[in-house]
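This report describes the packing, the aromatic pairs and the salt bridges of one protein chain. The sequence and the structure come first.

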Amino acid sequence: MMAGAGEDARALFRAGVRAVLEAWPALQIAVENGFGGVHSQEKAEWLGGAVEDYFIRNADLELDEVEDFLGELMTNEFDTVVEDGSLPQVSQQLQTMFHHFQKGDGAALREMASHITQKKCKVKATALKAAKETDGDQDDADSVEEMEVKGVTATNDGATTDGVSPQPEPSDPNSQNIKEEDIVEDGWTIVRRKK
């Protein structure tokens, strides 16, 4: 591969890495909510370069190595543990891009980056629409409080009862809904499945 072609492929790989990371919801949520502190956006930009360098320095990476690296970066830089199942997908996309880069396949890199960017735009449009529809539900805690004050209780099927407990009374006098051993030290109650 010629030096000029290598530089072009590297620039395309860099753009592809950035496209993958910008389309990764876990990273975008961390950035938008400032999980990385006041410099979250700068950390996200740095992350793109760090991932690119990681691939360049380690030519034969396994998928789990990439997942571990990304997970560690998210934990260290954004105080975020990614448990949404997206790490394998993002790692696979990055690894596929790196293989295209190694082969010097600029067209495949361009196509993949373009596809990811288009997909990201569709997701953002859907998310904005959903956010606008739920804007009226901002004060959920207040509405629950109001319901309790009025003596109205919501049941599992969404119906409401006025001052009446939605659970039937136990027929066995020895059984209780909440047993003392179910109340833990910090005030939480353990909920058990009915047998």
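Contact means heavy atoms within 4.5 Å. The model is predicted, so local features need pLDDT of at least 70, side-chain atom pairs count only at pLDDT 80 or more, and totals for chains, interfaces and linings use all residues. Residues are numbered from 1 along each chain as its sequence is written, and side-chain values use heavy atoms, with hydrogens and water left out.

**Leu70 and its surroundings**

Which residues does Leu70 contact, leaving aside neighbours within four places in sequence? They are Trp24, Val51, Leu87, Val90, Ser91 and Leu94. Ser91 is found in helix H5; helices (H or I, at least four residues) and strands (E, at least two) are DSSP runs, numbered from the N terminus. Not counting residues up to four places away in sequence, Ser91 touches Leu63, Val66 and Glu67 as well as Leu70. Is Ser91 buried or exposed? Ser91 counts as buried because its relative accessibility is 0%. The cut-offs are under 20% relative accessible area for buried and over 50% for exposed, with partly exposed in between (1.4 Å probe, protein chains only).

**The nonpolar core**

A nonpolar core is a set of buried Ala, Val, Leu, Ile, Met, Phe, Trp, Tyr and Cys residues joined through side-chain atoms within 4.5 Å. The largest nonpolar core has 35 residues, and the members that touch the most other members are Trp24, Leu27, Val51, Phe55, Leu70, Leu94 and Met97. Two or more residues of this core come from each of helix H1 (3-22), helix H2 (25-32), helix H3 (40-57), helix H4 (63-78), helix H5 (86-103) and helix H6 (106-133). H1 gives the most, with seven residues.

Leu73 has its place in helix H4 and counts as buried, at 10% relative accessibility. Without residues up to four places away in sequence, the contacts of Leu73 are Trp46, Leu47, Val51 and Phe78. From C-alpha to C-alpha, Leu73 and Val51 are 9.4 Å apart in space, and they are 22 residues apart in sequence.

**Aromatic pairs**

A pair of aromatic rings is described by the distance of the centres and the angle of the planes. Rings of Phe, Tyr and Trp (its six-membered ring) pair if their centres lie within 6.5 Å; planes under 30 degrees apart count as stacked, over 60 as edge-to-face and the rest as tilted. A search of the whole structure finds seven such pairs. One of them is edge-to-face, between Phe13 and Phe55, with 6.0 Å centre to centre and 80° between the planes. Phe13 lies in helix H1 and Phe55 in helix H3, so this pair ties together parts that are 42 residues apart in sequence. Both rings belong to buried residues: the relative accessible area is 0% for Phe13 and 1% for Phe55.

Phe13 also forms a stacked pair with Phe101, at 5.2 Å centre to centre and 25° between the planes. Here the parts tied together are 88 residues apart in sequence, because Phe13 lies in helix H1 and Phe101 in helix H5. Phe101 is buried, as is Phe13. Which residues form one aromatic cluster? The cluster consists of Phe13, Tyr54, Phe55, Phe69, Phe98 and Phe101.

**Salt bridges between H1 and H3**

A salt bridge is a side-chain nitrogen of Lys or Arg within 4 Å of a carboxyl oxygen of Asp or Glu. By this rule the count comes to four. Among them are the following.

| Salt bridge | Closest N to O distance |
|---|---|
| Arg10 and Glu52 | 2.7 Å |
| Arg10 and Asp53 | 3.5 Å |
| Arg14 and Glu52 | 3.0 Å |

Arg14 in helix H1 and Glu52 in helix H3 are 38 residues apart, so that their salt bridge links distant parts of the chain. Glu52 is buried, with a relative accessible area of 3%. Arg10 is partly exposed, with a relative accessible area of 25%. Asp53, in helix H3, is 43 residues from Arg10 in helix H1. At 29% relative accessibility, Asp53 counts as partly exposed, and Arg14 does too, at 33%. Arg10, Arg14, Glu52 and Asp53 are linked in a network of salt bridges.
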